[in-house]
Amino acid sequence: MYLAEIAPQNLRGALCTVADLFITFGSLLAEAIGFREVLGTEESWPILLSLSGIPALLQLLLLPFFPESPRFLLIQKKEEEEARQALKTLRCSEDVEQEMEQLQQEELADRKEKDMDVMKILYYPGLRWHVVSIVVLMAGQQLSGINAAQYYAKQIYLSSGVSDTLVWYISMALSVFLMVITTLVICIIESSGRRILLLTGFGICTIAGLFLSMSLQLQKSIPTMAYLSVSFHTIFLIGQATGPNPVPSVLVAEYFLQTCRSTAFVVAGSIHWICKFLIIVTYLHMEIELEPYSFLFFWPFNIATILYIAKMIPETKGRSFLEIRRVLSRHLAQGS
């Protein structure tokens with residue numbers, strides 16, 4: 001949310017997606033130091049766990065030097081001069097009056113949505129479809145099958161004949177590869193747009209999940225199908241990194257104006273973790289009954305999310321928050 005508020009209009013999507021890149025980097029780093037030859041032992045795991053305090057400490061030391069969000073200062077705190085100074089610091093330029101004018105226009109439009117808590121935002125008619133859209137996107141992100149793919153990852157690699165030790169190296173190599181994919185998404189999100197990345201990502205997850213389920217079933221009688229399973233699993237993760245992982249949080253920031261944006265992130269985060277919790281709790285039981293066919297359980301959710309995006313989600317690239325609000329309202333009115 002902070003990145004979306006401080007980013008220039010033409011780089012908002014790219015800067016927000018950078019966060020996803022460093023989440024993947026954090027996973028890669030955790031895998032590297034969690035390796036058995038490093039700190040992944042019975043004696044060393046307390047040290048491994050305590051290392052998570054280092055990034056938190058760095059944030060505590062560095063965040064006080066970050067400028068406050070100009071939107072927060074102007075729209076919520078009514079501190080115009082402080083907002084202007086924050087903008088000058090962020091843009092490394094003295095010429096920020098055009099952007100200040102945009103912030104002032106946003107402040108005027110934002111007055112109708114003051115003091116929006118979670119219950120108000122859920123029942124406010126003017127934001128109903130905005131909330132529905134982020135619920136669909138965040139639920140679709142978790143119901144795409146990513147948790148099943150992560151659960152099956154080690155089993156898929158072992159079935160192809162690699163050793164348990166080699167699985168660690170493959171997993172790390174895959175994390176590096178996904179960082180490359182995320183970097184490509186950062187480079188093209190402002191040119192290709194958010195909508196096409198979402199449709200492409202969910203489309204890849206739909207097709208790859210279907211073929212992955214088939215190959216996992218067939219490898220029981222055709223052992224060489226294990227190599228296809230590895231390929232489809234990798235393709236599935238590529239699809240996830242293309243759209244479902246990085247883009248929904250960008251749209252949460254763009255769909256709401258300043259005073260209700262933080263509340264929208266609370267709703268989006270709640271949906272994310274509720275869906276993740278439900279999948280984690282139910283998937284192991286479902287996998288016992290369905291085995292490889294458990295991937296087919298997520299297929300309808302992917303299709304439903306694709307249809308919703310195609311019909312109800314407009315493109316937001318290169319637009320200010322006010323322009324996005326107007327386009328979204330018009331698009332949703334036509335779609336409904």
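**Thr-206 and the pockets of an all-helical chain**

Leaving aside neighbours within four places in sequence, Thr-206 is in contact with Trp-299, Asn-302, Ile-303 and Ile-306. In this predicted model, Thr-206 sits in helix H12, which covers residues 194-218. Is Thr-206 buried or exposed? With a relative accessible area of 7%, Thr-206 is buried, because the cut-off for that class is under 20%. The side chain of Thr-206 also has a polar partner: one of its polar atoms lies 2.7 Å from the backbone oxygen of Phe-202.

Stepping back to the whole chain, the secondary structure comes to 17 helices and zero strands. Of the 336 residues, 44% count as buried, and Thr-206 is itself a buried residue. The C-alpha trace spans about 70 × 50 × 35 Å along its principal axes. How does the radius of gyration fit a compact globule, and what value would be expected? For 336 residues, such a globule would have a radius of gyration near 20 Å; the chain has 22 Å, which agrees. Contacts also link parts of the sequence that lie well apart: among those between residues at least 6 apart, 77% join residues at least 24 apart.

The next feature to explore is the largest pocket, which holds about 1400 Å³ of space. Its lining is made up of 45 residues, and those nearest the centre are Ile-23, Thr-24, Ser-27, Gln-150 and Asn-245. Two or more lining residues come from each of helices H1 (2-6), H2 (12-33), H9 (128-142), H10 (146-159), H11 (164-192), H13 (225-242), H14 (247-255) and H15 (258-290). Which helix gives the largest share? That is H2, with eight residues. Sorted by class, the lining of this pocket divides into 26 nonpolar, 15 polar and four charged residues.

The second largest pocket has a volume of about 1000 Å³. It is lined by 25 residues, with Phe-22, Phe-25, Pro-55, Leu-58 and Gln-59 lying nearest its centre. Here the elements that give two or more residues are H1, H2 and helix H4 (53-62). Once again H2 gives the most, this time with 10 residues. What classes of residue make up this second lining? There are 21 nonpolar and four polar residues, and no charged ones. Helix H2 therefore links the two pockets in this description, as the element with the largest share of the lining in the largest pocket and in the second largest pocket, where elements are DSSP runs numbered from the N terminus.

Note on methods: Residues numbered from 1 in each chain as written. Predicted model: local features only at pLDDT ≥ 70, side-chain atom pairs only at ≥ 80, totals over all residues. Heavy atoms only, no water. Helix = DSSP H or I, 4+ residues; strand = E, 2+ residues; numbered from the N terminus. Buried < 20%, exposed > 50% of the residue type's maximum accessible area, 1.4 Å probe, protein only. Polar contact = N/O pair within 3.5 Å; in protein donor to acceptor, adjacent residues only side chain to side chain. Contact = heavy atoms within 4.5 Å. 1 Å grid on protein atoms, 1.4 Å probe; cavity = no way out; pocket = protein on both sides within 12 Å on 5 of 7 lines; lining within 4 Å. Points joined across faces, edges and corners; volume = space filled by probe spheres on them. Nonpolar A, V, L, I, M, F, W, Y, C, P; charged D, E, K, R; others polar. Rg over C-alpha atoms; globule rule 2.2 N^0.38 Å.
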